[in-house]
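Visitor: I'd like to walk through a structure with you, one question at a time. Could you pull it up so we can both look?

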Amino acid sequence: MRIAVLGSGGIGGYYGALLARGEHDVAFIARGEHLEVMQRHGLTVRTPEGKSTISITAVADTRTLGP
């Protein structure tokens, strides 16, 4: 399944990361410094169980994602 997450803060980032770990094709839509940091460092999720960072696709323009 292809999923675009618009709003990759606490809630969107968490659920998007879970979907990405479940092998779905997830792209995060962001802008500015938030976009740059995610493109450079991936997405880090911190839970009571620990911290993990995953590589993600992050873009500013949804037209670059295709259908």
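**Strands, core and salt bridges**

Guide: Let's kick off with β1, where the side chains take turns: I3 and V5 face one way and are buried, while R2, A4 and L6 face the other way and are not. Bear in mind that this is a predicted model.

Visitor: Which strand runs parallel to β1, and how many bridges join them?

Guide: One pairing to look at is R2, which stands opposite D25, and D25 lies in strand β2. So the partner is β2 if we follow that residue, and the two strands run parallel. The number of bridges joining β1 to β2 is five.

Visitor: How far apart are the closest N and O atoms of D25 and R2?

Guide: Side chains of opposite charge can pair when their charged atoms come close. D25 does form a salt bridge with R2, and since D25 lies in strand β2 and R2 in strand β1, the pair ties together parts 23 residues apart in sequence. The cut-off is an N to O distance within 4 Å. Here the closest N and O atoms are apart by 3.0 Å.

Visitor: Is D25 buried, exposed or partly exposed?

Guide: Leaving out neighbours within four places in sequence, D25 is in contact with M1, R2 and I3. Its relative accessibility is 39%. Buried needs under 20% and exposed needs over 50%, so D25 counts as partly exposed.

Visitor: What are the other salt bridges, and how many does a search of the whole structure find?

Guide: R40 and E36 meet through their side chains at 3.6 Å, N to O; being four residues apart in helix α2, they are separated by about one helical turn. R63 and D61 also meet in a salt bridge, at 3.1 Å. Counting over the whole structure, the search gives three.

Visitor: Which residues touch the most other members of the largest nonpolar core?

Guide: In soluble globular proteins, nonpolar side chains tend to be buried together. The largest nonpolar core here has 13 residues, and the elements giving two or more residues to it are β1, β2, α2 and β3. The ones touching the most other members are F28, M38, L43 and I56.

Visitor: Which residue in the loop between β1 and α1 is in contact with M38?

Guide: Setting aside neighbours within four places in sequence, M38 is in contact with S8, F28, A30, L43, I56 and A58. One of these lies in the loop between β1 and α1 and is buried, with a relative accessible area of 7%. That residue is S8.

Visitor: How many residues sit between β3 and β4 in their hairpin?

Guide: β3 and β4 pair in the antiparallel sense over five bridges. Within that pairing, the bridge partner of R46 is K51 in β4. The number of residues between the two strands of the hairpin is two.

Visitor: Which residue has a positive phi although it is not a glycine?

Guide: Most residues other than glycine have a negative phi. The exception here is found in the loop between α1 and β2, and at 75% relative accessibility it counts as exposed. With a phi of about 70°, that residue is E23.

Visitor: What is the area of the nonpolar surface patch made by I11, Y14, Y15 and L18?

Guide: L18 is found in helix α1, and at 38% relative accessibility it counts as partly exposed. Patch members need over 30% relative accessible area, so L18 qualifies at 38%. The patch made by these four residues has an area of about 420 Å².

How values were computed. Residues are numbered from 1 along each chain as its sequence is written. This is a predicted model: local features need pLDDT of at least 70, side-chain atom pairs count only at pLDDT 80 or more; totals for chains, interfaces and linings use all residues. Side-chain values use heavy atoms; hydrogens and water are left out. Patches are made of residues with over 30% relative accessible area and no salt bridge: like charges are joined within 9 Å, nonpolar side chains (Val, Leu, Ile, Met, Phe, Trp, Tyr) within 5 Å. Accessible areas come from the Shrake-Rupley method with a 1.4 Å probe; for residues, only the protein chains shown count as cover. Buried means under 20% relative accessible area, exposed over 50%, partly exposed in between (1.4 Å probe, protein chains only). A nonpolar core is a set of buried Ala, Val, Leu, Ile, Met, Phe, Trp, Tyr and Cys residues joined through side-chain atoms within 4.5 Å. Contact means heavy atoms within 4.5 Å. Two strands pair if DSSP finds at least two bridges between them.
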